[in-house]
Amino acid sequence: MNNFSIKIKDPVLSIRNLSVSYDKGKYAVDNVTADIKRNSVTAIMGPSGCGKSTLLRAINRMHELYENIETKGDIILNGNDISDMPTIKLRRMAGMVFQHPNPFPTMSIYDNVIAGYKLNGIRLKKKLRDEIVERSLTDVTLWDEVKDTLYKKGSFLSGGQQQRLCIARALAFNPEVILLDEPTSALDPVATSKIEDLLVKLKENYSILMVTHNMSQAARISDYSMFMYLGELVEYGKTKDMFTKPKDRRTEEYLTGKFG
Amino acid sequence: MSTIANKILTDNLKTRTLKNKAFKSLVVALSVITILPIILIIYKLIAKGIKQISFDFILKTPPDTFEAMTALTNGETIPGGIANGITGTLLMVILASVIAIPVGVVTGIYLYENPGKFLANLIRNVSDILQGVPSIVLGLIAYMWIVKPVTNGFSALAGSVSLSIMMLPMIVRSTEETLKMIPQTIKEAALALGVPYYKVIIRVLIPTSFSGLLTGILLGISRVLGETAPLMLTALGSTIINFNVSKPTSAIPLLIWEFYNDPNMVDLIWSSSLLLMAMVLTLNIMSKRIAARTK
Ligand SMILES: Nc1ncnc2c1ncn2[C@@H]1O[C@H](COP(=O)(O)OP(=O)(O)O)[C@@H](O)[C@H]1O
Ligand SMILES: [Mg+2]
C-alpha cells in the first residue's frame with residue numbers, strides 16, 4: 001500500500017491504479033494512484049529507470065507508440081477519461097515538453113509556435129494566429145528576444161531559447177496541463193533558472209507536471225512532489241513536507257543522496 | 001637528461017619527421033592520380049568539342065553522312081546538332097523520374113518505418129541486388145515488359161522504364177538513410193501535438209529530410225543520364241525530335257554511339273560528350289551543394 005494520504009480537491013488530473021508494462025509481466029509503472037492539483041507545479045522525482053517518463057507519457061498516450069505496451073487503470077483529465085478522447089483533443093489538452101529542445105528545423109519561429117494548428121490542418125485567421133503567437137511567446141518571456149526575427153528558423157536560437165519556444169508551442173493550444181520531461185537537463189544553469197522562473201509564473205494559468213532528476217530543482221519550484229521507485233509511487237505530498245520529513249525510508253535515502 | 005639520450009631522441013625525431021614527410025608526399029601523389037583521369041577527360045572534351053558547340057548544335061538534328069562528308073572535305077565544321085538526343089534524354093529522364101521518385105520515396109519510407117520486418121529486409125536486399133544488375137539486363141527486362149507487350153515496338157516509355165529501375169535503388173536507399181538521420185525527438189514533437197502519423201511523415205519528416213531526398217534523386221538522375229546499353233534495346237534511337245512516349249526516341253549517349261560508327265561524324269562525338277559531361281557534372285555539383293548546405 002502507498003505510504004501517503006493526500007486529498008486534492010477538484011484535481012486537474014486523476015490517475016487511478018495505473019500500470020504500464022513494455023514487456024509482459026514487468027511493470028515500468030506499477031499501480032500508481034494520484035491526483036494532480038490545479039494551478040500548481042507537481043514534480044516527479046526518482047532514480048533513473050523508475051518509470052517517471054513512462055508515467056508522464058501515459059497521460060497524453062504518447063506511450064502507445066511502443067508496440068507491445070500494456071496499460072491498466074484509468075486517467076481522468078478534467079473529468080474526461082483519456083482513453084475515450086481522440087488523440088488530437090487529448091494532446092491539445094495535455095501539452096508536452098521534452099528533455100532535448102526539439103523545434104521543427106524547417107519551420108520559422110512563428111510557424112513553430114502555431115505548429116500544432118498548422119500540422120493538424122486547423123486554419124486560423126491571420127489576426128488570431130498573430131495573437132496566439134504573441135501571447136505564447138510572451139508567456140515564455142521570449143517575445144522581446146525574437147519579435148524581430150519571427151520568420152527566421154527556430155534552430156538558430158540558443159538551447160534555452162529553443163526550449164522556451166517548445167514550451168510556447170505547447171501553450172499555443174491553451175492546454176489544461178503541461179507535461180515536462182526533464183526540461184532543463186540539457187541546458188546550462190542560466191537557461192535552467194530562466195525556465196524555472198517561467199514555470200512558477202505559468203502555474204497562474206496552467207497546471208504543471210514535471211519530471212526532474214534534480215532534487216534541488218523540485219525543492220525550488222514545485223508545490224507537490226512525487227517520489228517513484230521501481231515503478232511504484234512511494235511517496236506523494238507537499239514538497240515542503242517531503243523534503244523536511246519524508247515518511248518513507250526510501251524517499252529519505254534518495255533525498256539524502258544515498259542512491260539515485 | 002644525459003646529452004646522449006637527448007641526441008638519440010632528436011635523431012629519432014628527425015628520421016620520424018622525414019618519414020612522415022615522404023609518406024605524406026606519396027599520399028598526395030597517389031591522390032593526384034585519382035583525379036588525373038577526370039582532368040584529362042575534361043581537357044580533351046573541351047579541346048576537341050568546344051568548336052562544335054553553338055546554338056545550332058542544341059537546336060538542330062544531326063546532318064546525314066553526306067552533308068557531314070561535304071563539310072569535312074571543305075574544312076568546315078559539321079552542320080546540325082543533337083537536338084533529337086537532348087530532347088530524347090530529357091523526355092526519358094523526366095519520365096523515369098516520374099516513375100522512380102514516388103515509388104522509391106514511398107519504399108524508402110516503408111523501410112524506415114519497419115526496420116526489422118521480414119518484408120522490409122527482403123526489399124532492402126533486393127534493392128541492393130538491383131543496384132548491381134548490369135544495365136543491359138535492365139534494358140532486356142524493359143524490352144520484355146514494354147517494347148513487345150505495351151508499345152508494340154521500341155519506345156521512349158520502354159527506355160524510361162529501364163532507366164527508372166536503375167534509379168530506384170539509389171532513391172530507396174537515400175530516402176531511408178536521410179529519414180534515419182532525423183532525430184526521434186522531432187517526430188515526437190509532432191506526435192505530442194496530436195498530429196496523426198501519416199501527417200507526421202508527409203508534413204514533418206519529408207520536409208525535414210527534403211534536401212537529403214533531393215540529393216539522392218539528383219545523383220540517381222546523373223547516374224542514368226549517360227546510360228547507353230539499356231536504351232539500345234528499348235528506345236532504339238531516332239533521327240527526328242520525338243515527344244511521343246510510344247515511339248522510338250534518340251538520346252545523347254545513343255547519338256554518341258551512332259557518331260562513333262560513322263567515320264564522317266566522328267567529330268560530333270566530342271561535342272556531344274562534352275554536353276553530356278557538363279550535364280552530369282552540374283547535377284553532381286548541385287547535389288553536393290544541397291547536401292553541404294543542410295549540414
Ligand atoms: N521503449 C521501451 N521499451 C522497453 N522498455 C522500456 C522502454 N522505455 C522504458 N523502458 C523501461 O521502463 C522502465 C522505466 O523507464 P522510464 O519511464 O524511461 O524511466 P525514467 O524516466 O524514470 O528514467 C525502465 O526499466 C526502462 O528500461
Ligand atoms: Mg526519463
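# Exercises on the Cavities and the Chain A–Chain B Interface

This predicted model holds 2 cavities of 30 Å³ or more.

**Exercise 1.** State what volume the largest cavity has and which residues line the largest cavity.

*Solution.*
Step 1. The volume of the largest cavity is about 60 Å³.
Step 2. From chain A, the lining includes A:R91, A:G95, A:M96, A:F98, A:C166, A:R169, A:A170 and A:F173. From chain B, the lining includes B:A189, B:A192 and B:L193. Residues of both chains therefore count as lining, because each has an atom within 4 Å of a point of the cavity.
Step 3. Two elements of chain A, β6 (94-97) and α7 (159-171), give two or more residues each to this lining. The element that gives the most is α7(A), with 3 residues.
Step 4. Sorted by class, the lining of the largest cavity comprises 8 nonpolar, 1 polar and 2 charged residues.

**Exercise 2.** Describe the second largest cavity by its space, its lining and the classes of its lining residues.

*Solution.*
Step 1. The second largest cavity contains about 40 Å³ of space.
Step 2. Its lining is formed by B:T89, B:M92, B:V93, B:L163, B:V224, B:L225, B:E227, B:L231, B:A251 and B:P253.
Step 3. In chain B, α4 (83-113) and α10 (210-225) each contribute at least two residues to this lining. Here α4(B) gives the most, with 3 residues.
Step 4. The division by class is 8 nonpolar, 1 polar and 1 charged.

**Exercise 3.** Determine how many residues each chain brings to the contact and what area is buried between chain A and chain B.

*Solution.*
Step 1. Chain A brings 23 residues to the contact, and chain B brings 16 residues.
Step 2. About 1600 Å² is buried between the two chains, and carbon and sulfur atoms give 66% of this area.

**Exercise 4.** Identify the salt bridge across the interface, and describe the side of chain A that touches chain B.

*Solution.*
Step 1. The interface of chain A and chain B has 1 salt bridge. The side chains that form a salt bridge are those of A:R57 and B:E188, at 2.6 Å from N to O. The pair qualifies because this distance lies within the 4 Å limit.
Step 2. Across the interface there are also 6 residue pairs in polar contact.
Step 3. Within chain A, α2 (87-93) and α4 (115-119) each supply at least two residues of the side that touches chain B. On this side α4(A) gives the most, with 4 residues.
Step 4. By class, this side of chain A has 12 nonpolar, 7 polar and 4 charged residues.

Methods
Residues are numbered from 1 along each chain as its sequence is written. Chains are lettered from A and ligands numbered from 1 in the order in which they are written. This is a predicted model: local features need pLDDT of at least 70, side-chain atom pairs count only at pLDDT 80 or more; totals for chains, interfaces and linings use all residues. Side-chain values use heavy atoms; hydrogens and water are left out. Contact means heavy atoms within 4.5 Å. Buried area is the accessible area (1.4 Å probe) that two parts lose on being put together, summed over both. A polar contact is a pair of N or O atoms within 3.5 Å; within protein, one must be able to donate a hydrogen and the other to accept it, and residues adjacent in sequence count only if both atoms are side-chain atoms. Ala, Val, Leu, Ile, Met, Phe, Trp, Tyr, Cys and Pro count as nonpolar, Asp, Glu, Lys and Arg as charged, and the others, Gly among them, as polar. On a 1 Å grid over the protein atoms alone, a cavity is a set of points where a 1.4 Å probe fits but cannot get out, and a pocket is an open set with protein on both sides within 12 Å along at least five of seven lines; lining residues have an atom within 4 Å of a point. Grid points are joined across faces, edges and corners, and a volume is the space filled by probe spheres set on the points.
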